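Let's work through a few exercises together. Take a look at the sequence and the 3D view, then try each task before you read its solution.

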Amino acid sequence: MAQITLGGNPAETVGNLPELNSEAPDFILTAADLSSKSLKDYAGTRKVLNIFPSVDTGVCAASARKFNQEASNLTNTTVLCISRDLPFAQARFCAAEGLENVEMLSDFKDGNFGQSYELEITKSAFTGLHSRAVIVLDENNKVLYSEQVSEIGEEPNYEGALNVL
């Protein structure tokens, strides 16, 4: 399990992020239109998985804005923002913020993504939510980059994630 903090207080996840050069686990997440999405829906494109606890927190919103800004300069790359927020909340956030270059996906139904990517938070005020992480996948879903942000209240290393693309 990953040892992380929330506001300086100890927290942990159910495990560790997928290893570099490994094949990313498939997932089934819910899009804003309530359709189901899996890795197969993004076949042939590189993927940036921007994972966070909730769009209703400042740092999570900042990461979605930053990746939205950067996504406009990326070719053959889809930025997926993933949380346990309801798809309605995610859609409302994107509309209010004018975010058009990222796709929001929700793990609200069963938390399968958080479990299979081993980033569900345990023993914290955010228990059951996703930890803050970034995972970059190539066109064949091989992990090129992964970052488990050690303090949930801090932003990820955008440059590190984007440089592998």
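**Exercise 1: The overall fold**

Going along the sequence, the protein runs β-β-β-β-β-α-β-α-β-α-β-β-β-α. The model is a predicted one, where local features need pLDDT of at least 70, side-chain atom pairs count only at pLDDT 80 or more, and totals for chains, interfaces and linings use all residues. Residues are numbered from 1 along each chain as its sequence is written, and side-chain values use heavy atoms, with hydrogens and water left out.

Task: How many helices and strands does the protein have?

Solution: There are four helices and 10 strands. Both are DSSP runs numbered from the N terminus, with at least four residues for helices (H or I) and at least two for strands (E).

**Exercise 2: Compactness**

Task: Why does the protein count as being as compact as a globular protein of its length?

Solution: Start with the radius of gyration, taken over C-alpha atoms, and the globule rule, 2.2 Å times the number of residues to the power 0.38. The radius is 14 Å, close to the 15 Å that the rule gives for 165 residues, so the protein is as compact as a globular protein of that length. Next, the C-alpha trace spans about 40 × 35 × 30 Å along its principal axes. Finally, 52% of the 165 residues count as buried, meaning under 20% relative accessible area with a 1.4 Å probe, protein chains only.

**Exercise 3: Rings that meet**

Task: Which aromatic pair involves Phe27, and where do its partners lie?

Solution: First the rule: rings of Phe, Tyr and Trp (its six-membered ring) pair if their centres lie within 6.5 Å, and planes under 30 degrees apart are stacked, over 60 edge-to-face, the rest tilted. That gives three aromatic pairs. In one of them, Phe27 and Phe113 sit edge-to-face, 5.7 Å centre to centre with 75° between the planes. Phe27 is in the loop between strand E2 (9-13) and strand E3 (29-30), while Phe113 is in helix H3 (residues 112-116), 86 residues apart. Both Phe27 and Phe113 are buried. Together with Tyr117, Phe27 and Phe113 form one aromatic cluster.

**Exercise 4: Two helices tied together**

Task: Why is the pair of Phe67 and Tyr158 called edge-to-face?

Solution: The ring centres of Phe67 and Tyr158 are 5.2 Å apart and the planes are at 70°, so this pair is edge-to-face. Phe67 belongs to helix H1 (residues 58-71) and Tyr158 to helix H4 (residues 158-163), so the pair ties together parts 91 residues apart in sequence. Phe67 counts as buried at 1% relative accessibility, and Tyr158 counts as buried at 11%.

Methods:
Buried means under 20% relative accessible area, exposed over 50%, partly exposed in between (1.4 Å probe, protein chains only).
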